[in-house]
Amino acid sequence: MLKSKTFLKKTRAGGVMKIVREHYLRDDIGCGAPGCAACGGAHEGPALEPQPQDPASSVCPQPHYLLPDTNVLLHQIVSAWRPGTWASVASSLRLPGSLETYVEQEQGENANDRNDRAIRVAAKWYNEHLKKMSADNQLQVIFITNDRRNKEKAIEEGIPAFTCEEYVKSLTANPELIDRLACLSEEGNEIESGKIIFSEHLPLSKLQQGIKSGTYLQGTFRASRENYLEATVWIHGDNEENKEIILQGLKHLNRAVHEDIVAVELLPKSQWVAPSSVVLHDEGQNEEDVEKEEETERMLKTAVSEKMLKPTGRVVGIIKRNWRPYCGMLSKSDIKESRRHLFTPADKRIPRIRIETRQASTLEGRRIIVAIDGWPRNSRYPNGHFVRNLGDVGEKETETEVLLLEHDVPHQPFSQAVLSFLPKMPWSITEKDMKNREDLRHLCICSVDPPGCTDIDDALHCRELENGNLEVGVHIADVSHFIRPGNALDQESARRGTTVYLCEKRIDMVPELLSSNLCSLKCDVDRLAFSCIWEMNHNAEILKTKFTKSVINSKASLTYAEAQLRIDSANMNDDITTSLRGLNKLAKILKKRRIEKGALTLSSPEVRFHMDSETHDPIDLQTKELRETNSMVEEFMLLANISVAKKIHEEFSEHALLRKHPAPPPSNYEILVKAARSRNLEIKTDTAKSLAESLDQAESPTFPYLNTLLRILATRCMMQAVYFCSGMDNDFHHYGLASPIYTHFTSPIRRYADVIVHRLLAVAIGADCTYPELTDKHKLADICKNLNFRHKMAQYAQRASVAFHTQLFFKSKGIVSEEAYILFVRKNAIVVLIPKYGLEGTVFFEEKDKPNPQLIYDDEIPSLKIEDTVFHVFDKVKVKIMLDSSNLQHQKIRMSLVEPQIPGISIPTDTSNMDLNGPKKKKMKLGK
Amino acid sequence: MAGLELLSDQGYRVDGRRAGELRKIQARMGVFAQADGSAYIEQGNTKALAVVYGPHEIRGSRARALPDRALVNCQYSSATFSTGERKRRPHGDRKSCEMGLQLRQTFEAAILTQLHPRSQIDIYVQVLQADGGTYAACVNAATLAVLDAGIPMRDFVCACSAGFVDGTALADLSHVEEAAGGPQLALALLPASGQIALLEMDARLHEDHLERVLEAAAQAARDVHTLLDRVVRQHRAELRGGHRLVLGAGFPAADPAHLHVGERHGLHHGGGAVCGRRPCPGFCPGLRRPPQEVGGSASGLA
């Protein structure tokens, strides 16, 4: 079965080392074609189709398999060819290990050439092999390569070979495929203006050398959302200085795209710049305005104080591209009959992409997906190709799809493999389930949730014990009972990480059967739960903590309002109500104690849409209301999370999944402190406690909303809370909650982190068995990384969904004027918040075609002086809100100033009864 | 070692083997005439030489003699040129001492030491080239050498290493796989009874996985046994063949079921059917005495 060949491999420098490796060549690797007598069932991988369906190619009429070479495969994998016609990709890659097709590197031959030769040998072998298989059946393997020399050699050796383009063009049945072909053809470049815009990227080997010696820095490229000529690079590694490098100007960005891993070179200090506060969007249609751009670039470099200068650099090479397919829209070329068009991605950080298509007119006004193929040195924009059509712009389904795709939210329906791990219905609790489980069905447990909630993952109870103490229980849905480690269901939920709540849609982490039925702690049914039960005295001091798996039967599913009503009404004295009152009393004490310790109460404007029940259009906006019962439930969830965190960390010091919230660096607070100072208030930020206290004291009798505004600003200063593995970190502190240790235990239906925590806790109390991955801290760290990413993305998607619905709302509502407060002051704009809608927007003061008003920006206070009016943070203004549909891609809420009136800037107050076109024109002037 | 894929998606290892496959094993017995027993083994690129003296009287301090059984003395050394970087000391370092102790433990469990009280058996093993699985190669070589010396044993001792990568147990790790830093387990097995002579692992491995890795190592050890068994039979056949030449006639030819005609003693294990029988009852007496004695007795017979 084995043939062996031993050969000497190269010596390595630095103490000469001789490496002896052996390699076994196999004679048992099948060709993958089913029914091949010679190979039998030796092939285990994905098999080829028995009879490749004829894709009606004019160059090759008989049925055939395709064998692409490595480059074709890498670049054209997205092209939607019929999968069956691909010769098993795996086989082409592993054939070098097979005895018949083994190719030894010849002298003077480099690795690439050897690779090409190996593939040619494989193609030849395949052809001979298939001929042997059956003489009458004219199966053939066609070799696809884009390399001219490789093709010539192949034809010399008698292998039918074509370039990718030749082949796809010959597919008479599918003419649209040519659009999807990644354009790599050399002719393509010749048409471009011959002028070279960008400097060359250095080869990887040189970059690595440079990074090692410190001349270059490696980091993640992050384009700016607001200014297409500016980007920052986050340097990898822990060196404190030069953590963030600014890149300015097209040439310095040097074809890097958002999220790429790049190597940058620092510029000399004399060329350092400060981040500009100008908002700039790429508007140019043609290539010739490179000079014009240089002009704008110069504009960016306004004189600034020495202190503001940040390390500045330029991209010298790309270490790893992180391109993905992008959603966006086609901006049709002005030239008729042109096949080249620019594509504008929805994400403003992605440059526009040039694509070639013949169906421009049908794609206009639709959301499409485009992939980048490359960015030649002489091209202003990257080249790409069309992938998929999502639907009409503005359609709710299309827009939802776009925002899910853009935020990388997995939203496909669950696969059969996943669903097969669901429990069979009808489901009931069996003897086996009761093992290691306590029967708590007799307890008076109830759940309190927002209205319309179907995935209830927590329930509570409180009762007085005989010794006068109180017993408080938090019961969490036992999701880990249904999701067993390692199966497809577990893997899928781990991948999704979290349930994503959009305005009118919920993207579940686990299939609905679990999320809304078997795991949901609905009232009056027996449900499996994981309970955390404390014995407390009336002073809310914990005397005893117990964790147990249990069976519960919730007596009532209440909304926050209903629960509040029960607590408040004097004549209700049933078990549930007394239980709630007890909980409420304890929660108040707990909250007080927590705040004394320095927990922050922050604020962010949250809105809720009232949907039309039929059209699902938003008909009203409402800021979320907070009741006592909200904080009651929250207190006990926090308590449960903290208790569980302590327990699992005690038990698994190396691999407990915890959540931490790092303290923000003092510089984050600058905005807040400055803003408060402008109102003669002092905010102390040295500790969480002093921050909380100074926020409490920061009140102005004439301006009651100020405190909320300050809290909103403070929220913006915070860091992101993250999951981590306790063995990989030693700072566990949760800044916002002022708790030394914290985790997530209470929402396993919608967060995967909780599922892991449940498993850890179950092992800790001996209720479940452990499994290998659970105690592997590197695997756990990987899970944490994914969860943090998914949570962040879910949050962004949620915000994007709110923004979209706000637009729909204002579309139906027309133009309104509202009071607003200034949150931030920028160089040429102010950012305002409208409390009524919880809506944030930017009012621009500079336009392209109009003489700029005189703007004086003061960074220290911060204030912006326009003509004679000065704007400070927290100033009250009146703005007009309307929907701007001038840019179909980014329909947005446009705000313009109404009060205070500045001639030439603000718009008159009585425009509200003008027809729709009137203000639109005006606003368009005001925009940009 | 980042970026090195120890197990490909298709299930092949870096050197082209599948997860449970051994490297090519070649072995020879009786390589030295001076020693009582000797053997040489190659497992892939790992090459080891074993020499056995004894049982003989206790050398050195008599106090070490055991009243009820023989003393097994094992010494391990590794040639300075055995590894990629030249070693400073060929023997006497910590690793060699430890390996010696492990070998001793292994063979005390296998050799019927109670048959030779107050005597000593010396096993010297030298690794000529190290490419992973040195312990296993040493044990296998030493087993053959002990058999060559004719010292009675309970059974063969067959050893093999196994590792664990990406949820799959790999048998007979090569140096590249060992250096990647995953858990590695060494197992010495008495295949007939399935008893374990030595099991050693110094890495963290979840207990759920241990079973599978152990099974992979045990299966590999059983495979090694099949091969070693064939080596022994062939050696016997050669000896008999040799005597036939000396004596002219009178000895039966080698059992054809045990030998592949035309196979050189380099011992390919390719393709052929493997003798599934337990060690045939006739081989032990033939080997118990050194060849020259066999010759003597044979002439006595004649």
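## A walk through chains A and B

Start at Gly150(B), the residue that follows helix α2 of chain B and has a positive phi, near 75 degrees. Before moving on, keep in mind that this is a predicted model.

**Stop 1: the helix before that glycine.** Select residues 134–149 of chain B to show α2(B). Its 16 residues should span 22 Å at 1.5 Å a residue, and the C-alpha atoms at its two ends are 22 Å apart, so the expected and modelled spans agree. How many of its residues are buried? The answer is 16 of 16, so you will find this helix mostly covered.

**Stop 2: a strand with three partners.** Switch to chain A and select residues 542–559, which make up strand β23. Three pairings are worth displaying here, one after another.

- Strand β22, residues 526–536, runs antiparallel to β23(A) and pairs with it over eleven bridges. Pick Arg527(A) and you will see Ile552(A) of β23(A) opposite.
- Strand β16, residues 437–439, pairs with β23(A) in the parallel sense over three bridges. Label Asp439(A) here, whose bridge partner in β23(A) is Val551(A).
- Strand β17, residues 445–449, is also parallel to β23(A), with five bridges. In this pairing Val448(A) has Leu558(A) as its bridge partner.

Now zoom in on the turn between β22(A) and β23(A). The two strands form a hairpin with five residues between them, and Ala540(A) in that turn has a positive phi of about 60 degrees.

**Stop 3: an aromatic pair.** The whole structure holds four aromatic pairs over all chains. For one of them, select Phe530(A) and Phe745(A): the rings meet edge-to-face, 5.8 Å centre to centre, with 75 degrees between the planes. This pair links distant parts of the chain, as Phe530(A) sits in strand β22 while Phe745(A) is in the loop between β27 and α24, 215 residues apart. Are these two residues buried or exposed? Both Phe530(A) and Phe745(A) are buried.

**Stop 4: the nonpolar cores.** Phe745(A) also leads into the largest nonpolar core, which has 86 residues. Along with Leu514(A), Trp534(A), Leu580(A), Met632(A), Phe636(A) and Leu657(A), Phe745(A) touches the most other members. Add helix α24, residues 752–764 of chain A, which gives the most to this core, with ten residues. A second, separate core of 64 residues includes Phe107(B), Ala110(B), Leu144(B) and Leu227(B).

Back in chain A, centre on Leu657(A) and show its contacts. Leaving aside neighbours within four places in sequence, Leu657(A) is in contact with residues including Ile648(A), Tyr723(A), Phe724(A), Ala753(A), Ile756(A), Val757(A) and Leu760(A).

**Stop 5: a proline in a loop.** Select Pro376(A), in the loop between β14 and β15 of chain A. Pro376(A) counts as buried because its relative accessible area is 16%, under the 20% limit. Then add Ile197(A): the two C-alpha atoms are separated by 9.3 Å, although these positions lie 179 residues apart along the chain in numbering.

**Stop 6: cysteines.** How many disulfides does the whole structure contain? A search over all chains finds zero. To see a case for yourself, select Cys444(A) and Cys446(A): the closest cysteine sulfur to that of Cys444(A) is in Cys446(A), 6.6 Å away, which is too far for a bond, since a disulfide needs the sulfur atoms within 2.5 Å. Finish in chain B with Cys74(B), which counts as buried because its relative accessibility is 10%.

Note on methods. Residues are numbered from 1 along each chain as its sequence is written. Chains are lettered from A and ligands numbered from 1 in the order in which they are written. This is a predicted model: local features need pLDDT of at least 70, side-chain atom pairs count only at pLDDT 80 or more; totals for chains, interfaces and linings use all residues. Side-chain values use heavy atoms; hydrogens and water are left out. Buried means under 20% relative accessible area, exposed over 50%, partly exposed in between (1.4 Å probe, protein chains only). Two strands pair if DSSP finds at least two bridges between them. Helices (H or I, at least four residues) and strands (E, at least two) are DSSP runs, numbered from the N terminus. The expected span of a helix is 1.5 Å times one less than its number of residues. A nonpolar core is a set of buried Ala, Val, Leu, Ile, Met, Phe, Trp, Tyr and Cys residues joined through side-chain atoms within 4.5 Å. Contact means heavy atoms within 4.5 Å. Rings of Phe, Tyr and Trp (its six-membered ring) pair if their centres lie within 6.5 Å; planes under 30 degrees apart count as stacked, over 60 as edge-to-face and the rest as tilted.
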